[in-house]
Each structure stands twice: as C-alpha cells, then as structure tokens.
Amino acid sequence: MKRLIKVWILLLLVMCMIVPARAHAAGKVKVKYHGVSKNYSGKITTVYINGKKKTIRSGPVFKKDGTYVGSLSHLLVNSAFKVKYKNSGKKAILTYKGKKLTLVDGSRNVVVNGVKEKKALGTIAMRAARYTSSGYTGWIVPLKSVCKRLRISYQVKSGAIYLGKTALPASTSKTKEGSDNTKTSAVNTKTSSAASAVTTSNSVDFSKPSANKQVILVLDAGHGGVDSGAVGSKYKEKNLTLAIILAAKQYFDKDTRFKVYYTRTTDAYPSLSDRSKLANNNNADLFISVHINSASSSATGTETLYNNSRLGTTGKNGVNSKELAQAMQNAVLKSTGFRDRGLVNRTGLWVLNKTTMPACLIEYGFISNSKEESLMYASTSKYGKDLYEAIAAFAKAKGLI
Ligand SMILES: [Zn+2]
C-alpha cells in the first residue's frame, strides 16, 4: 500500500513537470509528406545563415527520424549558398565555396563534386512536402547531412538553426539532435567542447586549435618508387595511395593540432623498416597506412587491417589499434561507398608489427575490379579530405586534441 502511494506521488510530480513544458513547446507542424498528412514535432522557424537571422514561418524546419529536415529553397536560396534546379525541379544542384552537391527527387544518394555517395542522406530522401497551414511546398532534405557534404557548419541551439558562420548566443547547452543517419557518428559524437561549439562535429574548425594538445601522426602512402604495389588495368596502387595522402596533407598542413610525418610525399620507396622507424623514432601517437587491394576481378569492398596481438600496446589515453582501425573503417566505408569487408586481424605485416603505437592499414578498394579502380582514381581528393576529417574526429573523440 505504501508503495502505491509513493507511485501516485511520483506520477503527480511527473505530470506537474510535463504539463507546463508541453504547453510551451507548441513545436508541431502539419505537413503532407510521403503522401501522408501528419503532425511533425521539432518545429523551428528561426534560422541564422552566416549570422543573419531569417524567419521561415511558412515552411519551418521539423524533425523526422530523429534528425532535422527543412526546405532547400527556404533555407538556402537568397543566401550565401546557391541552389539551382533542373529536370522540372527534380534535381537540385547546391553550390558553396567550390563544393557542389547534387540531390535528386526520391533519392538518398547524392553526388559530391562529381563523386556519387550512396545513402548519404541516411533514411531521408529528398522529397517534396506541402505545409498544411501555409500551403507552401518545398523540397525537404535532412539538414545535417546536406550541410556536411557542402562543408557548411550546422548547429541546432536554443530553438534555432545556425548555418555557416555562426554568431552563437553565449549560453552553453547544446541541443541534442539524436541520430544523424550517418554511420561515422561513432567517432564524431563526443565533440562538444567550447573550442568546437561553433562548428558541427563533422566540420573541423582550423582557426581554433584546442588547448595546445598536439597529435603526432605518421601517414604512410603504401609502396612507391620501384614498388608499384598492386597494378590494375589502368592505374597503380602506389600512385593512388600517394594521391590520397597528398590530398589529406593539404588539410593537415593548415591544422596546427597535428604534427604529421609522411613516409613519402613523392614517388619514392622508403623501406618498411624506414617507415616503422619514422613512427617509432618520433614517438608518433598514431600510424595510418593507406593501401589499395587486389584479388580476382569480382572481389570488392573496403577493409582495414590491424594487429590483434598488439592490442595490449595502447597509446595516449588508452587508444588501441582496433579502435583506430574501426574508426577508419567506418569513415572510409562512407567515403568509398564500397562493400564493408570489416576489420582484418593481420599479425605478420611489418608496419603493424614493428610500430610501437596504435596502427592500422586501410585497403580502400580493389584495383583488380575495374569499377572500383576507376572510382578510386576519380576520388583520391575526396578520400584525402575525408581521411583528414576522420582522423581529426577520432583524435577529438579520444581527447588527443
Ligand atoms: Zn599495398
């Protein structure tokens, strides 16, 4: 009986807390979307674009599948970002600072700077929606995924959306968005320090290196010089790995949070022991090697190798090779859009065996498969940039920077 009374008091207390909160949070909007009229929660009408306030009453942002979605035109037209439509509006081409993103009606795939990225929009395809009260119809897209592809910083805070350059209010509590639909979030979610508050966890803010922490990183472009590595019908592994690493280097060069040693930046061949020594002698925190796979013409997919027997060898903040490998595998999978071959335990590889810090070796895809070969050749710049961002996100999540 006593327990029953306790339960009732608790219930009353909870009701008291919920009812007034609900009365304030009017945040619903009725939208005809996917052919069904429905009330969606998470309504937001205030958007800051590059610090400029915009009110979008006729077509507010709302929540679907745990992420904020909104109208492309309402949010991006007549602002710093540009949208063009083709095919009677069924194809939207967004541009921002040299980035180009193409979205198609009903599709979750996108094209970023000419490279197709499968399911980049998570569960939410670009679709038209009609707002019941205003009659406004717009193309609805998941905002975080779109901003991420265009490298526009994105944040939801205090009931407003901030896109691009932000002039955030001084208060600190960051609104949680829930799932982002992107699988790399495992390495990205922990970034909420003051230094990163003005950017999303996915875009790295060069101007704000945090608290003098620096990661010593060794990046290894596989093979080189006399050693071509795997050879495809048109390209050689050594050239693709170098192109990826040089693309990543452009970003690391601007980021003072990293001190990076490269095993090679030209078509040279450092020996395997040169490579492991470079890392060991410079007390590197992380070692990442980039390779391209080869087998039969039907073999496909991305895999990352690590050395299971060295898991006891942890680096700064207890980081181990498997965690590093998993974070890189998640990110590279998204980058390539190839099949997930998972992590592979390899104890016998020199660079994974002789290095003394957390280490992994990424095999982007198969040069022996002509489709993957040409996709990889066309995507080395993107892979490099994505690799840089993945490493930065991992370092941040592990408290290394
Ligand atoms: Zn190789």
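Visitor: Which residues have the most contacts inside the largest nonpolar core?
Guide: This is a predicted model. Its largest nonpolar core has 55 residues. Those with the most contacts inside that core are Phe287, Ile288, Met328, Cys360 and Ile391.

Visitor: Which element gives the largest share of this core?
Guide: Several elements give two or more residues to the core, among them β16 (215–221), α5 (237–252), β18 (286–293) and α7. Others on that list include β21 (359–366) and α9 (370–397). The largest share is 11 residues, and it comes from α9.

Visitor: Which residues does methionine 328 touch, not counting those up to four places away in sequence?
Guide: Met328 is among the residues with the most contacts inside the largest core. Leaving out residues up to four places away in sequence, methionine 328 touches Ile288, Thr304, Cys360, Ile362 and Ala390.

Visitor: How many residues are in the other core?
Guide: This core lies apart from the largest one. Among its residues are Ala120, Val141, Tyr154 and Val156. Its count is 37 residues.

Visitor: Is helix α7 largely enclosed or largely open?
Guide: Take a residue as buried if 20 or more other C-beta atoms lie within 10 Å of its own. By that test, 13 of the 16 residues of α7 are buried. Therefore the rest of the structure leaves α7 largely enclosed.

Visitor: What distance separates the end C-alpha atoms of α7?
Guide: Helix α7 covers residues 321–336, which is 16 residues. At 1.5 Å a residue, the helix should span 22 Å. The model agrees, with its end C-alpha atoms 22 Å apart.

Visitor: Which residue just after α7 takes a positive phi?
Guide: The helix ends at residue 336. Just after α7, a phi of about 75° appears. The residue is glycine 337.

Visitor: What covers the buried residues of α5?
Guide: α5 has 16 residues and reaches 23 Å from first C-alpha to last, close to the 22 Å expected. Its buried residues include Leu240, Leu242, Ile244, Ile245 and Phe252. Their cover includes β16, β17 (258–262), β18 and α9.

Visitor: How many contacts does the stretch 167–211 have beyond near neighbours in sequence?
Guide: The chain's mean pLDDT is 81, and 79% of its residues reach 70 or more. Residues 16–25 stay under 50, with zero contacts beyond four places in sequence. Residues 167–211 are also below 50 in pLDDT. Beyond near neighbours in sequence, that stretch has 86 contacts in the model.

Methods
Residues numbered from 1 in each chain as written. Predicted model: local features only at pLDDT ≥ 70, side-chain atom pairs only at ≥ 80, totals over all residues. Helix = DSSP H or I, 4+ residues; strand = E, 2+ residues; numbered from the N terminus. Expected span 1.5 Å × (residues − 1). Buried ≥ 20, exposed ≤ 12 C-beta atoms within 10 Å, placed from the backbone. Core = buried A, V, L, I, M, F, W, Y, C linked by C-beta atoms within 7 Å. Contact = placed C-beta atoms within 7 Å. pLDDT = per-residue confidence, 0-100.
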